[in-house]
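Take a walk through this fold, one contact at a time. Keep the sequence and the model side by side.

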Amino acid sequence: MIPSRFTPILFAFIVSGLMSCIVSGVSTLSAISEMANFFEAWMVAWGKSWAVAFPTILIVVPLTRRLVEKITST
């Protein structure tokens with residue numbers, strides 16, 4: 001098992017992987033003209049997207065949590 005202190009990093013890793021996979025798949029499907037190369041093009045796009053998405057989520061999630069706490073009431 002993974003220690004709970006790694007929860008935020010694991011969360012960011014999983015969410016960024018899933019979201020970048022879905023978004024890159026949709027973008028690739030919209031952009032590619034030859035379906036024979038779709039899967040390969042999608043995997044390349046996903047790798048690039050995930051490389052950006054993971055560190056972005058590590059930065060954005062804590063900021064978003066603070067913002068939500070400030071604009072909501074208990």
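**Rings, a bend and a buried threonine**

Phe 13 counts as partly exposed, at 41% relative accessibility. The model is a predicted one. Start with its rings: a search of the whole structure finds five aromatic pairs. One of them joins Phe 13 and Trp 50. Their centres are 5.0 Å apart and their planes meet at 35°, a tilted pair. This pair links distant parts of the chain, with Phe 13 in helix α1 and Trp 50 in helix α2, 37 residues apart.

Trp 50 is partly exposed too, with a relative accessible area of 24%. Trp 50 also pairs with Trp 46. Here the ring centres lie 5.4 Å apart and the planes are at 5°, so the pair is stacked. Why are these two separated by about one helical turn? Because they are four residues apart in helix α2. An α-helix has 3.6 residues a turn, so residues three or four places apart point the same way. Trp 46 is partly exposed at 22%. Ring pairs link Phe 13, Trp 46, Trp 50 and Phe 54 into a cluster.

Now follow α2 itself. The helix spans residues 38-71. Its end C-alpha atoms are only 42 Å apart, short of the 50 Å a straight helix would reach. α2 bends by about 35° at Ile 57. Ile 57 is one of its buried residues, with Phe 38, Trp 42 and Ala 53. The buried residues of α2 pack against α1.

Finish at Thr 28, in helix α1. Thr 28 is buried, at 10% relative accessible area. Its contacts include Phe 38 and Trp 42. A polar atom of the Thr 28 side chain lies 2.6 Å from the backbone oxygen of Ser 24.

Definitions and conventions:
Residues numbered from 1 in each chain as written. Predicted model: local features only at pLDDT ≥ 70, side-chain atom pairs only at ≥ 80, totals over all residues. Heavy atoms only, no water. Buried < 20%, exposed > 50% of the residue type's maximum accessible area, 1.4 Å probe, protein only. Polar contact = N/O pair within 3.5 Å; in protein donor to acceptor, adjacent residues only side chain to side chain. Contact = heavy atoms within 4.5 Å. Expected span 1.5 Å × (residues − 1). Bend = angle between axes of the 7 residues up to and from the residue. Phe/Tyr/Trp six-rings, centres within 6.5 Å; stacked < 30°, edge-to-face > 60°.
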